[in-house]
Structure formats: structure tokens, C-alpha cells
There are 2 protein chains.
Amino acid sequence: MQKQIQQQDLDQAMIDRHYLLEAITLATKGYGAVSPNPYVGAILVKEGEVIGRGYHQYAGGAHAEVNALQDALDKGHQLEGSTLYVTLEPCCFRGKTGACTDLILKSGIARVVTAMEDPNPAVAGKGHQILQDAGIEVVTHLLLDEGEKLIEVFSHNQRHKKIFVTLKAALSLDGKLATKHRDSQWITGEAARKRAHYYRGLHDLILIGKGTLLVDNPSLTVRYGYKTPAPTRLLMLNDFSGITTDVITQYHFFNTDLAPSLILYDQKNPPDEKIASLLQAQGVQLSALAEITPEAVMEYTFNAGFMSLFIEGGAAIYDAFINADCVDQYLLFYGPKLIGSPQALELWHSSPIEQLQDAPLVTIESVELLEESFLTVARRRR
Amino acid sequence: MQKQIQQQDLDQAMIDRHYLLEAITLATKGYGAVSPNPYVGAILVKEGEVIGRGYHQYAGGAHAEVNALQDALDKGHQLEGSTLYVTLEPCCFRGKTGACTDLILKSGIARVVTAMEDPNPAVAGKGHQILQDAGIEVVTHLLLDEGEKLIEVFSHNQRHKKIFVTLKAALSLDGKLATKHRDSQWITGEAARKRAHYYRGLHDLILIGKGTLLVDNPSLTVRYGYKTPAPTRLLMLNDFSGITTDVITQYHFFNTDLAPSLILYDQKNPPDEKIASLLQAQGVQLSALAEITPEAVMEYTFNAGFMSLFIEGGAAIYDAFINADCVDQYLLFYGPKLIGSPQALELWHSSPIEQLQDAPLVTIESVELLEESFLTVARRRR
């Protein structure tokens, strides 16, 4: 279809949607690798033929537009009169790379089709304007929903100046995390756990609390064949009780060959000399905060350049983040079991909700059967 | 496709599946109307043409095979050499209607294709055998899963000699029935409630407890445009406290113009004279049981000819049926809210489960987004 499209036979908007969708798909090749930048894909089309493709591959690397133009030039194409499909408005500022608008203006590209404006306030429509003022035809807000979805984390960062928070939990059908004896392995099946690893790989930080560290000794790496870079592992600690020499030398979290590790702790309860030195020797990063709350952890990590936080538990961490209304996205994996109450472990055990109208609302974006379990993706409605 | 199938050009099994699937679809026209019989559909095909169609329309009415043969004869067709597609093995006993095997033998039908044997021990393969012995080609176990699904309630009745029990509940994402103040209207949305009415219509009995009766005053009728017959409404009562003259004259449950009503109560706590007479005057059926347990209610209702029980709550009824492990199918509607614990109303509030290996297992058959909510259909795995 790409090579033989007869433009006169088809509605232009349909052609544009076709190539822009291809650019969106291309952008997803950057999954997990471009933080703190957005995912961007670009396709260059001339006379019904794709002459160049590019996407943003890693932070500090070339922008998608640059890669697409270079690809076309490498293949010996002339760019004059071509159309550039790019998932996000081209940048108009000179950052680590030159401004993409400059490059486009020099290239002879005649049309630019994008899904959306850049939510970065330094661009926010200026890129489109520069192109239009120079006589280039600009079409935008095509496939806007898909474009927004692609860079939802980046947009959230830009618009709210906050890290994007995903809460992932495995629940019984009646919403329990574990039995009264904290027995939770496994409520869901292999396919659900595999999918959780996929989502891990899309996040910058994987958060656990002390209970999960000591009970489960999780490695928090991305396995099951996913090739996304290892996210940084984050431990929230009120104090260092239980974080012994043995734990530090034996538990996966402290093996920084697996992935980077970061501990945020309450400055009122610092580790003793010996523990601090051992952690540093292991390559674990340590930072003291004035208080260990969801808000403080979110602020610190966002300022440290992390875009997204993936909460893996346990119950105390879930409870703290839901109570503080700090969860943006819920990934709830339900397994084929009933656990019942009253003594089971709960997702939100200190809820103050008395009336239904006060219950936090979400938008359920999808439900999907994953072998014996299922996944619900829900977004906090604010 | 039906009229022009060139049999020599297609694989016979594919043709057979095609017509048998049509017969299964036809059978569903009997939904809600044939209790205590199974849903059955039949298609008669001769020389690549459908010459007759029939399904079991109501209890006591003609069997699907009889209706299909009659349809063909009414249209002036000769039956000799035709193939009968019927979702269930034809009966070989003379019940309210003559044996279908006799009719088939007399008709000149050359082939009979069915999905499955009749789970009724009075047939259980004998119908197929009689046909085969008389020289008719019999093919069975085609589309077996679909055939089993169609008559799952009937099969359950026949195989276990028990009523089929469905538990329907509306839950928050974290599995709560209501807030601590019993606020539950509405956790799910309109599309979920509509679907619940659809399922009501497929059941013979709709069960509630006293709490739901007094708090919600539900009518328990099938609305939202579904045309299935009104199921009988069932109230399980330990005693008649709170069932006052006002309640009886004003609450929908006691208005038997809407649908039949049945009360099963503990024989140790009968209603007083006045209440009993009023109930009888309203047309409410009353039966005393030695004890009011899920098992006793199931036994009574099955012996009274009901095939299926649809549990609508409230919490005490859910708890009793899950505790007694009497639920065969769960229809769980999840709404886009979090309620949290510890004081919310729970689906299974007196669960004894301590280890995950003891948690009741289900098979999740489907998950489906219903506007802002979703539905999970799960079957108890035994």
C-alpha cells in the first residue's frame, strides 16, 4: 500500500492518518529508552512513497525528524516537496540537538502533519507557527488521542510538573492482596506476571517498601524477554531497622549489577556508619528527605529527572499513595480466586470513604483476559 | 450461502459445523422460556438447502426436531434423504410429546448431526444408538463446547441433581459491595445494570435476603427491553421481623402482578396469622423449611422444578452461599471506583481462608468493558 498509493484516488485525510499512524508505531520502538524525553516517530513521504523513517532512540540522541531526514538522504532521495509526518510538533529551540524547525525549513519539505502540539511550554505551538509562517502547510490534531496516549507520561510531566505514578497490584477477584498470613504467591498466573514485566520496562523507577523487600526479596528487573533498559529500583524507608549487613549483601535489591538502586529515607532516621558505608560500597544511592511521604518522594524523584514511578507494593505503600491521591494510573491484575475478609491484606486499608460520592473515580481504559487472570487498566479521573 | 452451497466443493465437516451453529443460534430463541427443559434448535437440510427450522419454544411445547420437521412439511418439502442438524441428541422416550427418534425414523431422514449426547440419564446415548441401529448416519460431538455451553444449566441439573447457582454482584475495583453506610447506588453504570437484567431473564429464580428487600425495595423484574418471562422472586427469611403490614402492602416484592413471589422461611419462626393471611391474599407463596441454609433452599427449589437461581444479595446472602461453596457461576460487575477498607461491605465477610491454596478457584470465562464498568464471568472450578 505504501508504494502504490494513488493520492488522487484517496481522501488526503485518510492518507495522512495512514502515515501518521505508522509514525506512532515507529515511535514506540523507543519504549523505556528515551527518558526524560517523549516518544516521537517521523515518516517522510514523497509522491506516495515513504522515503525516510526515524524515531527518537535514546535521551541525548537525534530527534525523530533528524533521523527520518537523514534516512531519506542516506537512501539518495531529494527532500523537496515531501511531506513530513511526525507524532509531535517539531521543536523550535536549540537543545542538545539543533532546532528541528530550522532543519525542516532548510530541507524543502512542503507539508508537515502532526498529531499534537508539544506540551513543553518552550514549544507549545511555536514550532507549528514558525513552519506555517515560512509557507509550509501544517496539519495538526490528526490522531490526537493516539498521539496523546503515546506521550502521556511526558505530557503529564510537562503539564503538572510531576512524576507520573502507576500503581500495579495483583488482586483476588474480591480485591485482596493476600491472605491474613500475607500469602500472595501467586494470585495471578504466568501471563499476568509477564505483562507486569512489560509495564515495568516502560517506567523509570520501580518502588517498593521495606515489607516487600524483606518478605519477597524481589529483583525488580525486567525479564520475560523484554529488552527495555533496567529501571532504577527505589526503596522508601522510614528507618533502617531490618536492613542488616546480611540483607544488604544477600538481597537482590542491593546488587546494583542487576539495576541501579536508590534509597530515600527519613533524615531523622539515617543509617549508621557501617550500613551507610556498606550501601555505598555496593553502589546503592542514598538520599535523605525531610519526610517520607508520597508527595516528598514524588518531588525528589521528579527533580532528579525521573518521568515515571511504578509502585509494586506492598500494602503500606499502596495505602499511602492512594490516601494521598497520588496515583495516576492503576494496573490491576485479577487472579481467579476468592480470598474474602475480614483478615486479608487490602489494597487501601486505611480508606476514609464513607459515602460513594467521595470514592475516588477512575476511567477504566481496558480489560483484557491474560490466560487464567485478567488486567484492568484504569486512569484516575481528576 | 445456505441455498447455493455446492457440497462437493466443501469439506463435509465444515458444512456440518455451519448448520449446527445455525441450530445453536436458533435454540437461543427459547432463552428464559423452556425451563425445566434444555434449549434445543434443529435445522433440516436437503441437497444444500435449508428446508425446515425449529426450536424448543416453551416447556410442554413441541421439541425442536418436531418443529423443524413440521416447518419443512408445511413448506411442501419431502423429508427423504435430508440431514437433521440438532443441537442435542434426540429423545427416545415418550414424554409430553412422542419420542423424537420415532419421528425421525418414520420421516426418511438419512443423516443426523448433533453437538452432544443428552445428559438426561434416560437418554444419554440411547437416542443416537436407536438411529444408528436403524441405518441412519449419526455424527455427534461436533461443536461440543458450544453445545455444552448452550445447555449448561440443564446439564448441571441432570448431572448433579442440583439447581444451578449464579451470584451476581456489583463491586468497586477493590471488591467492595458498598461503603460502611451501605451506600452502593450506583457503583456500576447503566450498561452494567442493563446487562444484569439480561442475565436475570435467563434464570428461573431471583434470590434476595431481608436486608436487600427492606433497604432497596427492588422489583426484581426483567426490564431494559428484554422480553424473557418474569422469573420468580425468592426471599430467604430466618424470621418475619420487619415484614410488616406496611411492607407487604407497599413493597414491590409482594406485588405479584409484577412477577411470582416465593418466601422460604425457617419453620421455627413462622409468620403470625395476620401476616400469613395478608401474604396469601397478595398471592405470595410461602414454604417452611427445617432450616434456612443455602443447601436447603437449593434442594427445595430444585425439587420444585426450578433450574437456576440468580443471587442478587445482599452481603449476608452472598456470604452464606460462598461459605457453603454453593455458587456455580459468578457475574461480577466492577465499577470505576475505589472504596477501600476496613469498614466497607464485603462480598465474603466471614471467609475462613488463611492460605492461598485454600482459596476457592474459578475459571474466568470472559471480561468485557460495559461503558464505564466491566463484567467478569467466572465459573467455580471443582
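Start by selecting A:Leu173, A:Phe321, A:Leu347, B:Leu173, B:Phe321 and B:Leu347: these are the residues with the most contacts inside the largest nonpolar core, which has 94 residues. Keep in mind while you click around that this is a predicted model. As a rule, nonpolar side chains in soluble globular proteins tend to be buried together.

Now zoom in on A:Phe321. Leaving aside residues up to four places away in sequence, A:Phe321 touches A:Val165, A:Leu207, A:Met236, A:Pro294, A:Met298, A:Leu309, A:Ile311, A:Cys326 and A:Val327.

Next, colour the big sheet of chain A. In what order do its strands run? Nine of them make an open sheet, β11-β10-β9-β8-β12-β6-β13-β16-β15, with mixed pairing. Look at the edges: β11 (285-289) and β15 (362-370) of chain A each have a single partner strand, so one side of each has no neighbour in the sheet. From one strand to the next, the twist averages 20 degrees.

Stay in this sheet and pick out β13 (residues 329-334) and β16 (residues 373-380) of chain A. They pair in the antiparallel sense over six bridges. For a landmark, show A:Phe333, whose bridge partner in β16(A) is A:Leu375.

Then bring up helix α11 (residues 294-303) of chain A, which packs on the sheet. The helix touches β6 (164-171), β8 (205-208), β9 (232-237), β10 (261-266) and β11 of chain A, and its direction makes about 130 degrees with that of β11(A).

Move on to strand β3 (residues 83-86) of chain A. Are its faces covered or open, and which residues sit on each? Both are covered: A:Thr83 and A:Tyr85 lie on one side, A:Leu84 and A:Val86 on the other, and all are buried. Add the strands that pair with it. Strand β1 (residues 41-46) of chain A runs antiparallel to β3(A), over four bridges, while strand β4 (residues 111-114) of chain A pairs with β3(A) in the parallel sense, also over four bridges. A:Leu84 is a handy spot to click: A:Leu44 stands opposite it, and its bridge partner in β4(A) is A:Val112.

Finally, zoom out and show both chains. A turn of 180 degrees plus a shift of 0.1 Å along the axis lays chain A on chain B with an RMSD of 0.1 Å. That is the relation of a two-fold axis. To find the axis from chain A, select A:Gly175: its C-alpha is the nearest one in that chain, 2.2 Å away. Both copies use the same surface, since 100% of the contact residues of chain A recur in chain B.

Technical notes. Residues numbered from 1 in each chain as written. Chains lettered and ligands numbered in written order. Predicted model: local features only at pLDDT ≥ 70, side-chain atom pairs only at ≥ 80, totals over all residues. Heavy atoms only, no water. Core = buried A, V, L, I, M, F, W, Y, C linked by side-chain atoms within 4.5 Å. Buried < 20%, exposed > 50% of the residue type's maximum accessible area, 1.4 Å probe, protein only. Contact = heavy atoms within 4.5 Å. Helix = DSSP H or I, 4+ residues; strand = E, 2+ residues; numbered from the N terminus. Pairing = 2+ DSSP bridges. Axes fitted to C-alpha atoms, helices over the stretch in contact; angles between N-to-C directions. Least-squares fit on C-alpha atoms with pLDDT ≥ 70 in both.
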